[in-house]
Each structure stands twice: as structure tokens, then as C-alpha cells.
Amino acid sequence: MAAHPWMPSSPCGPGCVAGTMPTVGRLRRCTRLFRAVGALLTGLLVSPLLVLLRNREPLVRFVFRSVLHALGAKVEVHGDDTLGEPPHRGALVVDNHVSWLDIVVINAVHPMRSVAKREIASWPLVGTLASRAGTVYLDRERLRALPATVTELAGALRAGSLVNVCPEGTTWCGLGLGRFRPALFQAAIDGGVPVRPIALRYRLTDGTPTTWPAFIGNETLIDSVRRTARLRGLVVEVHVLPEIAPGRAANRHELAALAESAIRTTLHGTTVPHPVPQQAI
């Protein structure tokens, strides 16, 4: 049962990842998992050095690209992979949320901080890496903690950080898209920074959409990782969309709707009306 009426939820479940997909053999699968864990361990070992580097992006990008390479995943970037980032300018980077792989893909393209549910801090390897990377944690079950999170996020944006947020608040299988919760968009308004939407699409090399990388329902992270490691020919499309400039939206509800419409149009060819209903958080 949800902790409060606004707790993010998704209709996606085990049925969304049913069906036949091309897979690799058991040996290749085990090799992929071993190499992926090795890449994460390497990232964990070198993460204390990040504070000593003036430009840590190449090292962070290398670690996340190593994870994708280990799993046999390829990334196609459409648009400006620099995110049009002048030095020291912050931006709120928002994307549709499908998988634990989302944050790996985003950082493989352009390393940045992120907002994540507080449970991730306790995940093996991933949690430690996330914390050392400056992740802002969100307690989705405690609405009273939300203003403090928005304030922390606005401060990071104002200081010039790129920060990645998944506004749906939970994962969908990739064939659909949830409504964007407007609460964290307030941080972009308070920080006076643009919003940069990114649309993620998971497919096979022949163009067939796949939901196998999705992390949905009550499955464990290990279940999702193992299923992803079985998949042959995974391609992740990263569509970097035009930024939404500060002042273009009157409030966080309109800002969330503009970002959602941009991503929805890219993935599904449809738009959403705006503003989002005012009772949404």
C-alpha cells in the first residue's frame, strides 16, 4: 500500500517483459555479468580519486561506458551530447524512467549528479558509487522531506551542476510514459536554470522495441540485471532535446508538462496538454 496518495506508481508489471527475445548463451551471459561487476568495482576503487581530479568526467564516463560494453549494450546519441553546457552553468536534466540502466546510459554520455530514491544508497556497489558521485536522495514516502530536497537540488543547480531527475517518480516498461511530477521542477525555477529533456528508447539492432531492460513491479535489481545480460543486440537511443529556457513556463506545473510533451512526442508522437492539474505534486 502506498505511503501517501501521491506516491508514484506504474501499471507495468511482469507481463510487460514477457515474450521471446534474442538471447546469448550461458557462458556469454556469465562473462557479461562478471565484467559488469568488475567495471563497477573499478569505479568504486577509483572513486576516492575523483576529488583530486580537476576534470573527472573522462574517468566517470569510462566507468559507465565499461558497464554498458560489458553488458553488450550500444548507445546511439541523437542531438548535442555536450547538452549545450557552457562552463559552470547548471541545468535540470530530465528523462523518462525505464531501468536502472538509465543512469548508466546518461552518465556514459555526459557525467552528472542525479536525484534518486533513498533506497539506492543501500544497493551493493551501485549505492556507494551513487553516494560518492554526489547523488541527492529523495525519500518518496515522506512528503515533509520534499521541500528540503528541492532546496538542496536548487542549490546544486545554482552552483553550476547538471543534475539528472526522473520526474515520473518510478519506472515504466518503455512502451508507455507516466505523468511527470512537477515538484522537483521547482528547483530549476528557484535556481534560475534551464531544463534539458532527454528521451530514452530501448530497442534491438533490427529496430524492434524491447522491454527486457525494464526494472518494474516487485522484481529485484538482480533479476533485472540478469535478464538484461541475457539480451542480444541491445541498443539504447538517447535523444537530447532542446532545452526549456528559464522563464518560459509560468510555474512548475507548466514546466513539467513542457518537458513531458517534448519526450512523449519524441518517443510516441503525441503531446500532453498543459498545465498539469494543480493537485499534482
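This section describes helix packing, nonpolar cores and three buried residues in a predicted model.

Helix H1 spans residues 26–46, and helix H2 spans residues 57–70. Their axes come within 8 Å and cross at roughly 165 degrees. Angles over 145 degrees count as roughly antiparallel, and H1 and H2 are therefore roughly antiparallel to each other. The crossing of this pair is left-handed. On the H1 side, the contact is formed by Arg-32, Arg-35, Ala-36, Ala-39, Leu-40, Gly-43 and Val-46. On the H2 side, the partners are Leu-59, Val-63, Ser-66, Val-67, His-69 and Ala-70. By class, the residues of the contact of H1 with H2 comprise 8 nonpolar, 3 polar and 2 charged.

The loop between H1 and H2 holds Leu-50. This residue has a relative accessibility of 11% and so counts as buried, the limit being under 20%. Beyond its neighbours within four places in sequence, Leu-50 is in contact with Arg-56, Leu-59 and Val-60. Leu-59 also belongs to the H2 side of the contact with H1. The C-alpha atom of Leu-50 is separated by 8.9 Å from that of Arg-132, although their positions lie 82 residues apart along the chain when counted as an offset.

H2 also packs against helix H3. The axes of H2 and H3 come within 8 Å, with a crossing angle of roughly 130 degrees. The two helices are therefore oblique to each other. Their crossing is left-handed. H2 contributes Val-60, Arg-61, Phe-64, Arg-65, Val-67 and Leu-68. These meet Leu-101, Val-104, Val-105, Asn-107, Ala-108 and Val-109 in H3. The contact of H2 with H3 has 9 nonpolar residues, 1 polar residue and 2 charged residues. Val-67 takes part here and also in the contact of H2 with H1.

A further contact joins H1 to H7. These helices pack at an angle of about 125 degrees, and their axes are 9 Å apart. That angle makes H1 oblique to H7. H1 passes H7 in a right-handed crossing. Arg-29, Arg-32 and Leu-33 in H1 meet Val-225, Arg-226, Thr-228, Ala-229 and Arg-230 in H7. The class composition of the contact of H1 with H7 is 3 nonpolar, 1 polar and 4 charged residues. Arg-32 of H1 appears in the contact with H7 and in the contact with H2.

The largest nonpolar core has 51 residues. Within this core, Leu-101 and Tyr-202 have the most contacts. At least two core residues each come from H1, H2, strand E2 (91–95), helix H3 (101–109), helix H4 (126–132), strand E6 (195–204), helix H7 (221–230) and strand E7 (234–240). H3 gives the most, with 6 residues. Leaving aside neighbours within four places in sequence, Leu-101 is in contact with Leu-68, Leu-71, Tyr-202, Pro-213, Thr-228 and Leu-234. Apart from the largest core lies another, of 32 residues. Its members include Leu-146, Val-150, Val-193 and Ala-256.

Two buried threonines were also examined. Thr-210 is placed in the loop between E6 and H7. Its relative accessible area is 4%, so Thr-210 is buried. Not counting residues up to four places away in sequence, Thr-210 touches Met-21, Tyr-202, Arg-203, Leu-204, Leu-231 and Leu-234. Tyr-202 and Leu-234 are also contacts of Leu-101. The C-alpha atoms of Thr-210 and Leu-234 are separated by 8.2 Å, and the two residues are 24 residues apart along the chain.

Thr-149 lies in helix H5, which covers residues 146–158. With a relative accessible area of 5%, Thr-149 is buried. Thr-149 touches Val-136, Tyr-137, Leu-138 and Leu-184, again not counting residues up to four places away in sequence. The C-alpha atoms of Thr-149 and Ala-259 are separated by 20 Å, and these residues are 110 residues apart along the chain.

Notes:
Residues numbered from 1 in each chain as written. Predicted model: local features only at pLDDT ≥ 70, side-chain atom pairs only at ≥ 80, totals over all residues. Heavy atoms only, no water. Axes fitted to C-alpha atoms, helices over the stretch in contact; angles between N-to-C directions. Helix = DSSP H or I, 4+ residues; strand = E, 2+ residues; numbered from the N terminus. Parallel < 35°, antiparallel > 145°, perpendicular 65-115°, else oblique. Left-handed = near helix turned anticlockwise from the far one by under 90°. Contact = heavy atoms within 4.5 Å. Nonpolar A, V, L, I, M, F, W, Y, C, P; charged D, E, K, R; others polar. Core = buried A, V, L, I, M, F, W, Y, C linked by side-chain atoms within 4.5 Å. Buried < 20%, exposed > 50% of the residue type's maximum accessible area, 1.4 Å probe, protein only.
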